[in-house]
Amino acid sequence: MRNGGEGRTRLLLIILIVTSLFLITLDLRGVKILDGVRGGTQNVLAPFQKAGSTVVSPFRNFIGDITNLGRTSDQIEKLKESNAKLRARLAQRKNADAELAQLKSVLDLAGQAGYKVVAARVISQGASTSFSQTVTIDIGTSSGVRQNMTVLSGEGLVGVVKESYANSALVMLATDPDFKVGVRIAGSQQIGILSGGGSKRASLQLLDNQNVVKVGDVLLARGSTNNRPFVPGIPVGVISAVDSSAGSIAQSATVMLYPNFSGLGVVSVVLSAGKNNPGDALVPAGPQPTPVPTVTIYTTPSPTASAK
Amino acid sequence: MLLRQFSISSLIFILVFIIQESVINQLRLPAGGFSLILLIALTWAALSNPTAGALTGFISGVLMDLSQSSSGPMGHWTLIMILACYAVAFLGSGNDNVRGTPVTNIFLVSFACVVTLTAFVIIGLLLGMSAGSFSKILITIFSNGIWALLVTPLILPLITRLHVVVLGDQARI
């Protein structure tokens, strides 16, 4: 190469760079062939990902056990799967039976709203090097999953279906920097826009500055036209900090999202919402205050002390 | 790089891509884990001449662009990987200090990994990609650098042998 081959190497480098720039241009101009190539790749990869999920699960659990010392990851995974199945059943019934009472807080999310949901397993997580927050689930168009459908976990809003393939779908998580959802504050009904921030903390921008928000206020999804991409009433998160800088046009706040995104195992995709808007019915119950016993001490002066 | 060598290299990288998508991404490693295909491509390039390096970058970049989790437009990773692998191959080509010492090679690949990710973010921001907060980007890049330092010593012997088999005795580690 050193003996006269440098010119050929440079020519090759230029051809490759021009090819990549050509691809970027085509993609940015919205040429559908490239989307088809990506979709085809995902269809090919889906069986490998399913097989990999099964093979890797013991190692993943081991890593999870190390990360979450004191917890049994396998048991948590089973409980999550059980919760999701029960929640899907409850969504098709109006009256939950008594056996589901212990899971009421989770199951009410879909049951009270009357959502028609389909459960799915998370089979792959996006690489950190992509700087986006996505997961792949094991159901797709063959199960009725379409683009821009709401994805839930037991705790609340997980994200939205970004792409749907035959037997898998790509879900953009609520933590993705590109993620935006219209929300309202339960109770006061103030509306705002929640944006993902790359972690479990998201930022809220209220649309007016008339009312005051406070830490602990619960945010619910406002819903979209024809319930896509978002069905109304889903718990999104709770306000953890309020930006009270003077002179700002609209209030902003930091929001702690409800779901545990690092431990997503089973999720549900909302196929259709109920006829009625659930309003504030899905607001999670706050922690019950523990009664503190009070002790009253009575003192009486001793007779010897008063004699002195 | 003959057509036969190019084809075999492509098959190897397709296999690595499948492992990345179906195994590595499922492990949910601490701090976001690492990109196996990125590390193997850089290691492969460090053992190659610039021509093979650029082609390696092209193959691996196209595959990384095909990943569903890729946030940039098609061709984004291809562009970055062509430049990164060419640069790594150029640095390693004819320099015995780089190619002859495993430790130097490991540091070269880890440093290249950090630079590649940084370039990916910068080009991505120019193309309108959202990459999250500055601190999140820093943590991701830094943790990938740490993972590269840990993983590269494990894959280097295997990649060196594969490289010798596919491209001939160009590697001397």
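**View 1. A:Ser132 sits in the loop between β1 and β2 of chain A.** The model is predicted. A:Ser132 counts as buried because its relative accessibility is 11%, and the cut-off for buried is under 20%. Leaving aside residues up to four places away in sequence, A:Ser132 has contacts in both chains. In chain A it touches A:Ala127 and A:Asp176. In chain B it touches B:Ser69 and B:Ser71.

**View 2. The second largest cavity is lined by residues of chains A and B.** A search of the whole structure finds two cavities of 30 Å³ or more. The second largest holds about 50 Å³ of space. Chain A lines it with A:Gln49, A:Ser124, A:Gln125, A:Gly126, A:Thr134, A:Thr136 and A:Leu170. Chain B lines it with B:Glu21, B:Asn25, B:Gln68 and B:Ser69. Two elements, β1 (116-125) and β2 (134-137) of chain A, each give two or more residues to this lining. By type, the lining divides into nine polar residues, one nonpolar and one charged. B:Ser69 of this lining is also one of the residues that A:Ser132 touches.

**View 3. Side chains alternate along strand β8 (residues 201-206) of chain A.** In a regular strand the side chains alternate between the two faces of the sheet. In β8, A:Ala202, A:Leu204 and A:Leu206 point to one face and are buried. A:Arg201, A:Ser203 and A:Gln205 point to the other face and are not buried.

**View 4. Strands β7 and β8 of chain A form a hairpin.** Strand β7 spans residues 191-195 and runs antiparallel to β8, with four bridges joining the two. Five residues lie between the strands. In the turn, A:Gly198 has a positive phi of about 90 degrees. Across the pair, A:Ile193 stands opposite A:Gln205.

**View 5. Strand β8 of chain A also pairs with β11 (residues 252-257).** The pairing is antiparallel and runs over five bridges. Here A:Gln205 stands opposite A:Ser252 of β11. A:Gln205 thus has A:Ile193 opposite it in β7 and A:Ser252 opposite it in β11.

**View 6. Chain A as a whole has five helices and twelve strands.** Of its 308 residues, 43% count as buried. Chain A exposes about 16,600 Å². Carbon and sulfur atoms supply 56% of that area. Among contacts in chain A with a separation of 6 or more, 59% come from residues 24 or more positions apart.

Key: Residues numbered from 1 in each chain as written. Chains lettered and ligands numbered in written order. Predicted model: local features only at pLDDT ≥ 70, side-chain atom pairs only at ≥ 80, totals over all residues. Heavy atoms only, no water. Buried < 20%, exposed > 50% of the residue type's maximum accessible area, 1.4 Å probe, protein only. Contact = heavy atoms within 4.5 Å. Areas by Shrake-Rupley, 256 points an atom, 1.4 Å probe, with all protein chains shown as cover. 1 Å grid on protein atoms, 1.4 Å probe; cavity = no way out; pocket = protein on both sides within 12 Å on 5 of 7 lines; lining within 4 Å. Points joined across faces, edges and corners; volume = space filled by probe spheres on them. Nonpolar A, V, L, I, M, F, W, Y, C, P; charged D, E, K, R; others polar. Pairing = 2+ DSSP bridges.
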